[in-house]
Amino acid sequence: MTNNGSDPYSNVPDAMKAYASLGWSVIPLCSCDHSGMSENHRNNCSKPGKAPLIKDWTQRSVPSDEIIDEWVRQRPNLNVGLVLGSSSGIVAIDVDGEFGEELLQKWSNGDLPETCEFTTPGGGRRLMYATSFGVKAKKYVEIHPSKPHEECALLGDGQQTVLPPSRHTNGGLYKWKGGRSPWELIYHPSQNG
Ligand SMILES: [Zn+2]
């Protein structure tokens, strides 16, 4: 396995198992170029690299290694997603553009605890925060009035986020920021095997 900067998990199956070991409710997403996906999927999916491949994914709990192996056996090029909201206890904040950064400062009053964070190949960043289990977190978004790609969004119940090291349709990788990966902030693979 090659080391991807600060991220010891450079392939999706290994990363999925490591996330599951943190108690994260990961799910399989389709591949960014739809390679390895069924004809039915390719004909019906409008979000390559971002669409869940299992039913009832909002209710999924943490998968076992055996389930992950089966997902990978069926769809070798899959991306990895994370269920958000009250069932997983994690919410995400999506920050795009200068306007998104301004909104984030406004929402947080500049008080943003250090947390897991990754960059998206579209140019934004995504921060993840723990929330209380059972507390509903509905999507909330503010978008720049004339620049629709500049926004700040809280992602929660009924939603999921793509996670590193998934690949985007533009060819780029989702990447943990140095010092902000779960392996550095929560779990240390070198100490735990
Ligand atoms: Zn798809």
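Start by selecting strands S1 (26-29) and S2 (residues 79-83), which pair in the antiparallel sense over 4 bridges. Keep in mind as you look around that this is a predicted model. For one pair to click on, pick Ile27: its bridge partner in S2 is Gly81.

Now add strand S8 (160-163) to the selection. The 3 strands form an open sheet in the order S1-S2-S8, with antiparallel pairing. S1 and S8 stand at the edges with a single partner strand each, so one side of each has no neighbour in the sheet. Turn the view a little and look for the twist: neighbouring strands here are turned by 40° against each other on average, direction ignored.

Which helix packs on this sheet? Select H1 (12-21). H1 touches S1, S2 and S8, and its direction makes about 20° with that of S2.

Next, move to helix H3 (residues 65-74) and show the side chains of Ile68, Trp71 and Val72, which are buried. Seen down the axis of H3, these buried residues fall within an arc of 95°, so they line one face of the helix. An α-helix has 3.6 residues a turn, so residues three or four places apart point the same way. What do the buried residues of H3 pack against? Their partners are helix H1 and strand S1, both already on your screen. On the other side of H3, select Glu66 and Arg73, which are exposed.

The zinc ion is the next stop. Which residues hold its protein donors? Show Cys30 (SG), His34 (NE2), His41 (NE2) and Cys45 (SG), which lie 2.0 to 2.3 Å from the zinc ion. Along the chain, these donors follow the spacing C-x3-H-x6-H-x3-C. The 4 donor atoms subtend angles of 103 to 122° around the zinc ion, which makes the arrangement tetrahedral. For comparison, the ideal angle for four tetrahedral donors is 109.5 degrees. Are the two histidines, His34 and His41, buried or exposed? Both are buried.

Finish with strand S3 (residues 90-96), where 7 of its 7 residues are buried. Colour Ile90, Ala92, Asp94 and Asp96 on one side, then Val91, Ile93 and Val95 on the other, and you will see that both faces are covered. In a regular strand the side chains alternate between the two faces of the sheet.

Now bring in the partners of S3. Strand S5 (residues 125-130) pairs with S3 in the antiparallel sense over 6 bridges, and Ile93 stands opposite Leu127 in S5. Strand S7 (residues 151-155) also runs antiparallel to S3, joined by 5 bridges; here Val95 stands opposite Cys152.

How values were computed: Residues numbered from 1 in each chain as written. Predicted model: local features only at pLDDT ≥ 70, side-chain atom pairs only at ≥ 80, totals over all residues. Heavy atoms only, no water. Donors = N, O, S within 2.8 Å, 3.2 Å for Na, K, Ca; no water. Tetrahedral: all angles 85-135°; square planar, octahedral: opposite > 155°, others 65-115°. Buried < 20%, exposed > 50% of the residue type's maximum accessible area, 1.4 Å probe, protein only. Helix = DSSP H or I, 4+ residues; strand = E, 2+ residues; numbered from the N terminus. Arc of directions from axis to C-beta. Contact = heavy atoms within 4.5 Å. Pairing = 2+ DSSP bridges. Axes fitted to C-alpha atoms, helices over the stretch in contact; angles between N-to-C directions.
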